[in-house]
Amino acid sequence: MSVHIIADTHAKLSVLRTMLEQRYVITSELLNGANIRRSDLASIVIAADLTVVENIAALKAISGKLARVAKRIFLIDGKERLCVVQAYALGATHVLTNPVSQQQLLAKLTDSDGPAISSRESTSSGREAASTGAASIAAMFSAVLSGSAIDVMSTKGAGSQIAESVSENGLSDWLTTVRRHHEGTYQHCLLVTGVAVDFGLSLGLAKVDVERLYSAAMFHDIGKARIPLAVLDKPGRLDDRERALIETHPAAGYDILKENSAISPEILDAVRHHHEYLDGSGYPDALGAESISDIVRVLTISDIFAALIEHRTYKPTMPRQKAYEILLGMPGKLERPLVHAFREVALNR
Ligand SMILES: [Fe+2]
Ligand SMILES: [Fe+2]
């Protein structure tokens, strides 16, 4: 197995080579002038200070070649959230912060945390759509954190690429690809988008409604950019204070997008209300059934299902059948006929 290393300093290159050369065939180059000549790479490790604009520019310049590598581990210098988000926006599939141990790095490469290094079982168009989607969700988070403008059109474009991939290759291929190659919030948003598209297609929704649905799914959790990572990525149960903090994300997302003229009222509504339940027990506005639109109902079911089947390092991945049973066990909260219609998507597609 071979690994390509790119770093912004000779010192980092040599440390990484030493860590990996006993297990892998290593090729390496400096970031400044990097060109990724090989086209058969399964894994790449990139060590760079992402507070340096030249490094970001150099990574953007090779983004096309980078996207063809299935596993892209970024090793960044600071723990600041903006750097982490920036790494994902530049195409990372995994992010580690320096100083990293040999064990941590090997764990990411050898797949002890789940996603396989081999990319054979997922389609390349699926992987490409997932990479574009993750990078565009990360770019939105980065824009929120840095106070810059959100690129709505490119996010919708990424959503449309996901819709194409799901309708061509099926939902199972999409779930495999995303769970194998993406982490955390990006994985979640990509899963929700794929599930929502497939649900919309199975319901026979008009093209324009499927477009609304994938756009809403891409944006739905943008308010999580305002939630501290320690809470957002906390393994296991949240305490009351943490849960209350998490529950601010739909209204935060609404506030982030409400002045944006490229965001339609339907998307805004879905961002704010995707955690509402028909019986009024949801948040943030405790809406009743009469105030919850069809798009939101479809998105909410897709969101819960996707959250249940996510791949997390600290828990086994829940089978689709079990996740569907949980949806069935939420009477009064979700629209019953819609949950029944979702069966085919959840189990078979
Ligand atoms: Fe949410
Ligand atoms: Fe969500």
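The legends below describe close-up views of the two iron ions in a predicted model.

**View 1. Protein donors around the iron ion (ligand 2).** In this predicted model, the iron ion (ligand 2) has as its protein donors His188 and His220, each through NE2, together with Asp221 and Asp303, each through OD, at distances of 2.2 to 2.3 Å. The angles subtended by the 4 donor atoms run from 81 to 168°, which makes the arrangement irregular. Along the sequence, the spacing of these donor residues follows the pattern H-x31-H-D-x81-D. The pair His220 and Asp303 links distant parts of the chain, 83 residues apart, with His220 in the loop between helix 10 (207–219) and helix 11 (229–232) and Asp303 in helix 15 (residues 294–309).

**View 2. Burial of His220 and Asp303.** His220 is buried, its relative accessible area being 0%, and Asp303, with a relative accessibility of 4%, also counts as buried.

**View 3. Protein donors around the iron ion (ligand 1).** The iron ion (ligand 1) is bound by Asp221 through OD and by His249, His274 and His275 through NE2, with these donors lying 2.1 to 2.2 Å from the ion. Angles of 84 to 174° among the 4 donor atoms leave this site irregular, and the donor residues are spaced D-x27-H-x24-H-H in sequence.

**View 4. Asp221 as the bridge between the iron ions.** Asp221 bridges the iron ion (ligand 1) and the iron ion (ligand 2), which lie 3.3 Å apart. Because Asp221 lies in the loop between helix 10 and helix 11, whereas His274 lies in the loop between helix 14 (265–273) and helix 15, the pair ties together parts that are 53 residues apart in sequence. Both Asp221 and His274 are buried.

Notes
Residues numbered from 1 in each chain as written. Chains lettered and ligands numbered in written order. Predicted model: local features only at pLDDT ≥ 70, side-chain atom pairs only at ≥ 80, totals over all residues. Heavy atoms only, no water. Donors = N, O, S within 2.8 Å, 3.2 Å for Na, K, Ca; no water. Tetrahedral: all angles 85-135°; square planar, octahedral: opposite > 155°, others 65-115°. Helix = DSSP H or I, 4+ residues; strand = E, 2+ residues; numbered from the N terminus. Buried < 20%, exposed > 50% of the residue type's maximum accessible area, 1.4 Å probe, protein only.
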